[in-house]
Amino acid sequence: MIAARASWPSSTGHFRAVAKRSQGKTRVRTSSLARGAKARRQKGASGQSADVSALRGLPALESLARVPAFSDLVPSEHERVAFDSFVAACDGDPELELGFVCRLDRNFPAVRCASGLYRAEHAERIYKGDLERPAVGDWVVLRRPETHDVALIEEVLPREQALVRWRGSQRGDLQVLAANVELVLIAQPLGREALSLNRIARSAVVAADSGAEFAVLLTKADRAATPEELARDVVSVRALLGEHVQVVALCALDVAEREGVDVEARARATRGAGGGFGLACVRELVAPETTALILGESGAGKSTLLNALLGEEALETSSVRRTDDAGRHTTVARRMVKVPDAGVVIDCPGLRNLPLVGHEHGLEKVFSEVAERAWECRFRDCTHHDEPGCALAHAREAGEIDPLRVDAYIALADEMRRHADTLDPDVAL
Ligand SMILES: Nc1nc2c(ncn2[C@@H]2O[C@H](COP(=O)(O)OP(=O)(O)O)[C@@H](O)[C@H]2O)c(=O)[nH]1
Ligand SMILES: [Mg+2]
């Protein structure tokens with residue numbers, strides 16, 4: 001049995017960097033399907049922002065590799081009905097088509113429809129009004145006037161699910177990372193620094209809060225100091241998130257071969273610790289008809305992994321800074337790619353931080369037995385630090401719950417409690 005080596009860091013300092021605020025605020029959807037649809041139809045495509053020059057710097061659609069086909073994603077019944085009623089409100093306007101956003105380049109969408117792949121702009125009431133802009137994965141109503149090169153997104157259909165993060169330390173400033181994501185692949189690189197369990201735990205909480213499944217990918221397995229160290233990391237992650245969560249270690253580059261790393265020894269060690277090893281395991285996770293998103297900091301090896309899965313350099317990758325191992329934000333687009341014989345994966349720019357302003361339901365899901373036990377504390381507002389009658393302290397001491405999980409829960413709950421006025425009263429932290 002390999003002992004877990006990582007302990008829970010006392011601060012959340014891994015993610016101190018300030019969130020970027022470059023992409024405009026996201027607000028809670030106020031969908032208004034048929035509202036004004038007729039008026040918009042009369043207006044035709046003239047509502048678009050018309051800044052076509054801004055489209056010129058974007059990659060040509062023909063150059064994009066591995067864009068999913070229309071049939072690779074399936075709209076929900078709800079989304080289909082919403083589309084049909086929008087079209088009906090427009091008297092069956094033949095210019096309207098159903099599509100999904102498969103790419104955002106500097107916030108300019110590309111939309112995949114049954115008839116093809118199109119660059120699109122937002123209808124005026126979307127880009128000027130307070131309606132939410134579509135995220136990658138959203139189903140939309142697209143208008144394609146014959147006389148225009150660029151199509152127009154008339155409506156973002158009510159999405160089934162969204163993966164969101166809070167941008168700052170207040171509720172109300174949300175960023176939708178992608179919509180309709182079923183699986184979040186939490187990419188955490190191995191290397192000089194100790195594995196960040198904090199980052200993995202908060203990523204899991206964000207994923208669970210969105211309703212998505214999640215799995216952990218330990219990338220750059222060639223950079224773990226030894227196979228034993230790698231095995232200890234796998235054990236730690238499984239202890240943290242529970243043994244039902246899949247953990248896959250991998251090496252997406254063949255540097256391992258060049259630098260004389262014994263990959264097979266690492267694969268054996270990983271499997272011995274209960275994890276999976278290699279690209280084939282990742283491909284298995286992303287089953288056909290699944291939409292996954294790779295979540296991780298810049299430089300975690302997300303794009304390299306996707307290229308390896310695709311078997312070609314479809315996505316640009318970066319070198320990490322030698323001084324601190326940090327990545328350089330090479331990926332500026334959010335995009336979907338179809339992995340051969342597997343599902344669709346969304347690659348997006350690395351996230352420096354994942355503040356847990358909300359997401360308490362995600363915390364409750366990931367640490368369910370801890371959250372359940374927290375109801376037994378003597379004081380309803382117990383912070384689980386040194387209050388008498390603390391059920392979590394008791395569970396930890398009695399060995400009833402893994403201390404790693406208790407400590408992770410308390411650290412993340414502390415962070416959320418700092419914004420207590422925003423919490424849902426139905427969840428006890
Ligand atoms: N040693 C090693 N380096 C890797 C591996 N995967 C990616 N890298 C390197 O890590 C850097 C960042 O990779 P990239 O895929 O751009 O990261 P992203 O920002 O998460 O998309 C690049 O220099 C890659 O060559 C790996 O498995 N082993
Ligand atoms: Mg990248």
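Let me start at a single residue: helix α2 is followed by D91, and the phi of D91 is positive, near 55°. Keep in mind that this is a predicted model. So what comes just before D91?

Helix α2 covers residues 77-89. How far apart are its end C-alpha atoms? They are 18 Å apart, and 13 residues at 1.5 Å a residue should span 18 Å, so the two values agree. Now the sides of the helix. E79, A82, F83, F86 and V87 are the buried residues of α2. They cover an arc of only 130° around the axis, which puts them on the same side of α2. In general, an α-helix has 3.6 residues a turn, so residues three or four places apart point the same way. Turn to the other side of α2, and E77 and D84 are exposed.

Back to phi for a moment. Most residues other than glycine have a negative phi. Here are two more exceptions. R66 is not a glycine, yet its phi is positive, about 60°. R66 sits in the loop between α1 and α2. Is it buried or partly exposed? R66 has 19 C-beta neighbours inside 10 Å, and buried takes 20 or more, so R66 counts as partly exposed. The other exception is K220, with a phi near 55°. K220 lies in the loop between β9 and α5. K220 has 25 C-beta neighbours inside 10 Å, so K220 counts as buried.

Let me step back to the whole chain. It has 13 helices and 14 strands. Buried residues make up 45% of its 429 residues. Take the contacts with a separation of 6 or more: 73% of them are between residues 24 or more positions apart.

Next, the core. The largest nonpolar core has 119 residues. Which of them touch the most other members? V111, V184, L185, I186 and L293 do. Look at V111. Leaving aside neighbours within four places in sequence, its contacts include F100, V101, Y118, L142 and I153.

Now strand β14. On one side are V344 and I346; on the other are V345 and D347. These residues are all buried, and both faces of the strand are covered. As a general point, side chains in a regular strand alternate between the two faces of the sheet. What pairs with β14? β12 runs parallel to it, joined by three bridges, and T291 stands opposite V344. β13 pairs with β14 in the antiparallel sense, over four bridges. There, R335 stands opposite D347. β13 and β14 form a hairpin with five residues between them. In the turn, D341 has a positive phi of about 60°.

Those strands come up again at helix α9, residues 302-310. Its buried residues are K302, S303, L305, L306, N307 and L309. What covers them? The list includes β12, β13 and β14, along with β8, β9 and α8. Right after α9 comes G311, with a positive phi near 75°.

One last stop. G358 lies in the loop between β14 and α10. With 23 other C-beta atoms within 10 Å, G358 is buried. G358 and V206 are 152 residues apart along the chain, and their C-alpha atoms are separated by 9.1 Å.

Technical notes. Residues numbered from 1 in each chain as written. Chains lettered and ligands numbered in written order. Predicted model: local features only at pLDDT ≥ 70, side-chain atom pairs only at ≥ 80, totals over all residues. Core = buried A, V, L, I, M, F, W, Y, C linked by C-beta atoms within 7 Å. Buried ≥ 20, exposed ≤ 12 C-beta atoms within 10 Å, placed from the backbone. Contact = placed C-beta atoms within 7 Å. Helix = DSSP H or I, 4+ residues; strand = E, 2+ residues; numbered from the N terminus. Expected span 1.5 Å × (residues − 1). Arc of directions from axis to C-beta. Pairing = 2+ DSSP bridges.
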